[in-house]
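Please look over the sequence and the structure shown here. Some questions and answers come after them.

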Amino acid sequence: MSHVSSRIRPRLAARGAFGAVAAVLGATAALPASTDASTDASADASVSASVADDHLKVTVRHAGSGRDGMYELSCHPGAGSHPDAAGACQALDRNTRWGRDTFAPVAPGAVCTMLYGGPATAHVTGTWAGRPVDATYDRSNGCEIARWDRMVPLLPDLGP
């Protein structure tokens, strides 16, 4: 019996320590949140300023007739010379995640299918989500094709 009780005692002690930590965390969670309106207002202003500054230039080459060209795009609301500004902004919003680069290249060492999606290339520059953008796209393998397709209609839909 002493063998069993020696295994149970540390677990009970750990539960006691956990209970104490939970009580402290629970007490701090009950504290009132800061109500500093100036902090909230400045945060809202910086978000609004960064959204207002979001502006992209998209250059597409070798994608085919009616798809090649240089387009400008602003979002929220969608505007510019892009043929589908609203759809392009939706694609950008759908692919934007906090802490991640929306335009990140394929990870080095990624295993990609050896499919060739054609000679199309794209270059996207400007500012998005308050960050500078300088991204290139091609359709040289399965990973690059998937990366391109995630940005349709910012980039033209070239189909399968």
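The questions below go through the sheet, the helices, the core and some backbone features.

Q: Where do residue numbers start, and what kind of model is this?
A: Residues are numbered from 1 along each chain as its sequence is written, and side-chain values use heavy atoms, with hydrogens and water left out. Local features need pLDDT of at least 70, side-chain atom pairs count only at pLDDT 80 or more, and totals for chains, interfaces and linings use all residues, since the model is predicted.

Q: What is the order of the strands in the open sheet of 4 strands?
A: Strands are DSSP runs of E with at least two residues, and helices are runs of H or I with at least four, both numbered from the N terminus. Two strands pair if DSSP finds at least two bridges between them. The pairing in this sheet is antiparallel, and the order is S2-S1-S3-S4.

Q: Which strands stand at the edges of the sheet?
A: An edge strand here has a single partner strand, so one side of it is left without a neighbour in the sheet. The two strands in that position are S2 and S4.

Q: Which residue in S2 is the bridge partner of Leu56?
A: S1 and S2 pair in the antiparallel sense over 6 bridges. In S2, the bridge partner of Leu56 is Leu73.

Q: What angle does H3 make with S2?
A: Axes are lines fitted to C-alpha atoms, for helices over the stretch in contact, and angles run from 0 to 180 degrees between N-to-C directions. H3 lies across S1, S2 and S3. Its angle to S2 is about 70°.

Q: Which element supplies the largest share of the largest nonpolar core?
A: Such a core is a set of buried Ala, Val, Leu, Ile, Met, Phe, Trp, Tyr and Cys residues joined through side-chain atoms within 4.5 Å. This one has 25 residues, of which Leu92, Phe103 and Tyr137 touch the most other members. Strands S1, S2, S3 and S4 and helix H3 each supply at least two residues. The largest share, 4 residues, comes from H3.

Q: Is His76 buried, partly exposed or exposed?
A: His76 is found in the loop between S2 and H3, and its phi is near 65°, a positive value in a residue other than glycine. Buried means under 20% relative accessible area and exposed over 50%, with partly exposed in between (1.4 Å probe, protein chains only). At a relative accessible area of 44%, His76 is partly exposed.

Q: What is omega for the peptide bond from His76 to Pro77?
A: Pro77 lies in the loop between S2 and H3. The bond from His76 to Pro77 is cis, with omega near 5°.

Key:
Contact means heavy atoms within 4.5 Å.
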